[in-house]
Structures are given as C-alpha cells and as structure tokens.
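Me: I have a structure open and have not looked at it before. Can you walk me through it?
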Amino acid sequence: MRITDLPDICRQSGIDLNDEMIRQLERYMELLMEWNEKINLTAIKEPEEIVEKHFYDCLLPLSSGQIHGRCADIGSGAGFPGLVWKIADPELSMVLVEPTGKRCTFLKTVISELGLKEIEVINQRSEDYVREARESFDVVTARAVANLRVLCELCVPLVKKGGLFVPMKGSSAIDEVSEAAHAMKVLGCKVENIQETSLPGGDIRNNIFCRKTASTPPEYPRHYGRIKKQPL
C-alpha cells in the first residue's frame, strides 16, 4: 500500500486524513527508516509495508468513534499506535509510555519534527508510571507488547472508571480474551466489543474494546517479574 493510497482506503472506514496528516505520516516514515538503521525500531522496512502494517493497522481503532480525550500508549516502541493516532486526530491528548531510552529519543525527535502538541513521552515502565497516573486516562492502548493476561495488569490500572482499554491483537485475540477473563474481572473491566477486521494483504486484526467498570484494587499492578511469572 502506498502512502498516497491511505486517504481513500481510510475513508472507506470513516477515517478522514487531510494533506497535512499525510505529509506528517510520510515524514514519520522517513525518520523511522533512517533511525531503524541505527537502533531496532521495526522489522518492517519497506515503505509499502510500513504504510499497511503500521499506519493503516494503527488507524483502524479510530473508525470506532470511541477514541477521544486523554490517551496513553503503553510500550509505544516506535510510536504505534499512539503517534499515528495523534497525527490522525490532533485533538487527542497523548502520552507515549516507553521504557527504552533510545526509542524515547526517536519518539521525541518525530514529535519535534512534526510540530505536534499535547503529546508527551514517558521513559518508564507502565507499572512504575501508574504511581503518578493511576486511573487518569480515557483510553489506554497497547500493540504487540504482551499476552493479554499480562497486558491487562500493565494497562487497566491507568484507565479511569468508565474509560476504555483497547489492546490491538492479531488472530490469537479470541483465545487470549478467554484466557484473560479472570484478569479483567479482578482489575475491573470487561470486553464490550471486538473490532474484527483484516489488512489488505490478508493479515487478521482484532481490536478489543474493554470498558473499565470498577476501580482497580490498589495492589495492582504488581512488580513486572511477578506479573509475567504469575499472570492473573
């Protein structure tokens, strides 16, 4: 998929990208490819694949009309989906939480180059960041970070009651949702809807919209080592 194809295919999903947004995405892609020569940002290196498997993929949850307000992208990496969301919807207030310093430097460079406002990069693990930001976000998302049982404990404590946790998953989503049912109950959220879709190349995508229905007990999240070793 070429960058010039993106507005038309997004329009079919109810997502409008103007010329300035396409220009910003194109510059983002240039920086991604340039920096990827120096640090590991993505295994996807061809421009057409970046447009389809990163940009278009990340944009799909916006078609729900439910992404708004103050958002956090956990384990943001090279900025997927948080940076793409911010470009496509400048009204969002975005926080990119990323534990690797070099990736944070890349994210800050992109933000500066594109002149983006109301977007912040936090160089911390989410289970540490929650100490200052517990239940303060309207939407918390994560893509390609961890199994859903683990991901729930890393993300749900940051979501305010009534807000959304939106993990982005592939073909394993249905199994992961079943396995994570207990974790979601303990942490205070439940699956409201699953956006089942696919990329033009055929890759399956499932974006899971989980509503925060109750405050997360204060003992969560636990230390990451325990979360990983003994997921809820």
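Me: Let's start with one residue: is Cys104 buried or exposed?
Reply: Cys104 is buried, at a relative accessible area of 3%. Buried means under 20% relative accessible area, exposed means over 50%, and partly exposed is in between, with a 1.4 Å probe and protein chains only. Before going on: this is a predicted model, where local features need pLDDT of at least 70, side-chain atom pairs count only at pLDDT 80 or more, and totals for chains, interfaces and linings use all residues. Residues are numbered from 1 along each chain as its sequence is written, and side-chain values use heavy atoms, with hydrogens and water left out.

Me: How many disulfides are there in the whole structure?
Reply: The search finds zero. A disulfide here is a pair of cysteine sulfur atoms within 2.5 Å. Cys104 is in none, and the nearest cysteine sulfur, that of Cys155, is 16 Å away.

Me: Why does Cys10 have no bond to Cys58?
Reply: Because the two sulfurs are 11 Å apart, too far for a bond, and Cys58 holds the closest cysteine sulfur to that of Cys10. Cys10 is buried, with a relative accessible area of 0%.

Me: And Cys155, where does that lie?
Reply: In helix α7, residues 148-155. Cys155 is buried, with 0% relative accessible area. Not counting residues up to four places away in sequence, Cys155 touches Ile74, Val140, Ala142 and Phe165. Contact means heavy atoms within 4.5 Å. Cys155 is also 16 residues from Val139 in sequence, and their C-alpha atoms are 9.8 Å apart.

Me: Stepping back, how many helices and strands does the protein have?
Reply: Ten helices and seven strands. These are DSSP runs numbered from the N terminus: helices are H or I with at least four residues, strands are E with at least two.

Me: What radius of gyration does it have?
Reply: The protein has 17 Å, which agrees with the value near 17 Å for a compact globule of 232 residues. The radius is taken over C-alpha atoms, and the globule rule is 2.2 Å times the number of residues to the power 0.38. Along the principal axes, the C-alpha atoms fill a box of roughly 45 × 35 × 30 Å.

Me: What share of the residues is buried?
Reply: Buried residues make up 53% of the 232. Among contacts with a separation of 6 or more, 68% come from residues 24 or more positions apart.

Me: Pick a helix. Which residues of α3 are buried?
Reply: Helix α3 covers residues 47-59, and its buried residues are Ile50, Val51, Glu52, His54, Phe55, Tyr56, Asp57, Cys58 and Leu59.

Me: What do they pack against?
Reply: The buried residues of α3 pack against helices α1 (6-11), α2 (19-35) and α4 (82-88), and against strands β4 (137-143), β5 (159-169) and β7 (204-212).

Me: What is Val51 in contact with?
Reply: Leaving aside neighbours within four places in sequence, Val51 is in contact with Met1, Arg2, Ile3, Leu6, Met29 and Tyr56. Val51 is buried at 1% relative accessible area. Thr100, which is 49 residues from Val51 in sequence, is 24 Å from it, C-alpha to C-alpha.

Me: What about Gln24, buried or exposed?
Reply: Gln24 is buried, with a relative accessible area of 8%. Gln24 is found in helix α2, and its contacts, leaving aside neighbours within four places in sequence, are Ile87, Leu114 and Leu116.

Me: New topic: backbone. Where is Pro81, and what is the peptide bond from Phe80 like?
Reply: Pro81 is in the loop between β1 (70-74) and α4. The bond from Phe80 to Pro81 is cis, with omega near 5°. A cis bond also joins Tyr220 and Pro221, with omega about 5°, and Pro221 lies in the loop between β7 and α10 (224-229).

Me: What is the phi of Glu118?
Reply: Positive, about 55°, although Glu118 is not a glycine. Glu118 sits in the loop between α5 (101-114) and β3 (119-122), and is exposed, at 56% relative accessible area.

Me: And Glu135, what is its phi?
Reply: Near 50°, again a positive value in a residue other than glycine. Glu135 is in the loop between α6 (126-133) and β4. At 22% relative accessibility, Glu135 counts as partly exposed.
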